[in-house]
Amino acid sequence: MLLDLRGAKSSDVEIGTSPVSELQTCLHSLAEPDHHHEYRSWLVRTDEALSPDLRHRLTQFSPLWARRRCRLLLPLSGPLDASVDAEIERISELSEREFVEAAAYTIHGGAFDPRQAVSRQSEFIAACEARSFSRGELARLLIGDPEEFRTTLVRTLADCVEEFFAAEWERVHDRLREEVDQTRSRLRELPLAELISSVSVAAQPVQGGRAVRFDKLQNLTVSLRGNRTLLVPTIHGRPHLIIRGEEGFPVVVHYPVAWHSQPESIDEMQRRLAILSDPARLALCRHLVNEAITTSDLARRMSMTRPQVSRHLAKLRAAGVLTSQRSGRYIYHRVDVDKMMRIGVELLRAIVR
């Protein structure tokens with residue numbers, strides 16, 4: 001995915017929070033929990049506490065946020081840092097056509113032109129039905145009575161705020177504000193390409209700073225010329241990076257941040273996996289996972305020289321999976337099982353970003 005920066009100005013970039021966007025990431029996590037292992041306990045608690053009526057509506061509306069993210073639930077306009085109630089109210093203020101097209105794009109989730117959802121209603125419904133029963137049912141509701149659809153959606157969002165999101169937004173808001181302040185300070189110091197690239201390990205300036213490339217499985221170019229561009233951090237959105245550039249709305253870069261550290265890049269994950277895939281190092285790990293062992297003992301067990309073992313241990317340490325501790329004259333090495341297990345989670349984050 002490419003952001004074309006030709007003709008874009010730093011003054012057109014706004015950085016801030018968006019509670020309705022964070023709410024959407026929570027809804028996505030509830031619909032696709034396998035993508036979000038680090039929030040498993042929160043997801044279980046929240047799902048179990050949902051009222052039956054709200055759970056039913058969230059299931060009904062899940063095509064809006066399960067696969068793609070709905071443009072209605074990203075900032076529709078500036079300024080950012082609005083309250084969640086104000087952002088939900090903006091959904092009510094859209095024209096019916098804008099609302100239907102934005103919802104139709106996500107309900108179908110494929111290549112169907114959302115502008116044709118109104119003019120070719122039966123084709124739109126059939127195309128959604130071909131993708132899944134739930135998409136077809138939601139498409140029928142949207143086309144049959146757009147205003148009733150909107151009323152029910154807005155009520156559902158308001159109920160989410162009351163039942164679980166208000167408390168969660170209070171918990172994550174300070175961390176998001178911290179990220180916003182840091183990014184705003186970079187806006188004053190960095191060229192535009194470097195600023196946008198700084199928000200994600202999946203981004204890098206290309207074409208001499210005239211564009212930013214994001215490592216995503218989408219073949220899309222979005223021009224920032226003449227467009228308002230909104231940089232919005234998310235906690236619950238990890239590991240997903242969302243970029244939207246529909247006509248008539250600001251460009252949105254919805255980028256994940258961690259509580260303390262940034263997620264691994266795909267290049268870093270490839271490096272770590274390459275280290276661990278070496279047969280000799282895998283054999284060392286089999287010894288080191290059960291007990292702490294010295295370099296000399298490993299060399300004896302593996303029929304290797306001490307320098308050979310030391311080089312392999314250095315690689316494992318570079319991959320972040322080895323701990324070493326001195327006891328008297330000897331240094332004992334052991335595989336950090338927790339870090340080894342987290343590699344699988346980090347790999348999944350990199351893949352589904």
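The exchange below goes through several structural assignments and the criteria behind them.

Me: What kind of model is this, and how are its values computed?
Reply: This is a predicted model, in which local features need pLDDT of at least 70 and side-chain atom pairs count only at pLDDT 80 or more, while totals for chains, interfaces and linings use all residues. Residues are numbered from 1 along each chain as its sequence is written, and side-chain values use heavy atoms, with hydrogens and water left out.

Me: How do you know that Cys26 is in no disulfide?
Reply: A disulfide is counted where a pair of cysteine sulfur atoms lies within 2.5 Å, and by this rule the count is 0. For Cys26 the nearest cysteine sulfur, that of Cys160, is 9.1 Å away, which is too far for a bond.

Me: Why is Cys160 called buried or exposed?
Reply: Buried means under 20% relative accessible area, exposed means over 50%, and partly exposed lies in between, with a 1.4 Å probe and protein chains only. Cys160 has a relative accessible area of 0% and is therefore buried; Cys26, also with 0%, is buried.

Me: What makes Trp42 and Phe164 an aromatic pair, and of which kind?
Reply: Rings of Phe, Tyr and Trp (its six-membered ring) pair if their centres lie within 6.5 Å, and planes under 30 degrees apart count as stacked, over 60 as edge-to-face and the rest as tilted. Trp42 and Phe164 are 6.1 Å apart centre to centre with 70° between the planes, an edge-to-face arrangement. Trp42 lies in helix H2 (residues 40–49) and Phe164 in helix H9 (residues 146–187), so the pair ties together parts that are 122 residues apart in sequence; helices here are DSSP runs of H or I with at least four residues, strands are runs of E with at least two, and both are numbered from the N terminus. Trp42 counts as buried at 8% relative accessibility, and Phe164 does so at 9%.

Me: Why is the pair of Phe99 and Phe149 assigned its class?
Reply: The ring centres of Phe99 and Phe149 are 6.0 Å apart and their planes stand at 65°, so this pair is edge-to-face. Phe99 is in helix H5 (residues 96–108) and Phe149 in helix H9, 50 residues apart. Together with Phe61, Phe99 and Phe149 form one aromatic cluster.

Me: What makes H1 largely enclosed by the rest of the structure?
Reply: Of the 13 residues of H1, 12 are buried, so the helix is largely enclosed by the rest of the structure; the buried residues include Pro19, Glu22, Cys26 and His28.

Me: How do you know that the span of helix H1 agrees with what it should be?
Reply: The expected span of a helix is 1.5 Å times one less than its number of residues. For the 13 residues of helix H1 (residues 19–31) this should be 18 Å, and the end C-alpha atoms are 18 Å apart, which agrees.

Me: What makes strand S1 and strand S4 a pair?
Reply: Two strands pair if DSSP finds at least two bridges between them. Strand S1 (residues 2–4) and strand S4 (residues 211–214) have 3 bridges, in the antiparallel sense, and Leu2 has Arg213 in S4 as its bridge partner.

Me: Why is Asp81 assigned its exposure class?
Reply: With a relative accessible area of 33%, Asp81 falls in the range called partly exposed. Asp81 is in the loop between H3 and H4 and has a positive phi of about 65° although it is not a glycine.
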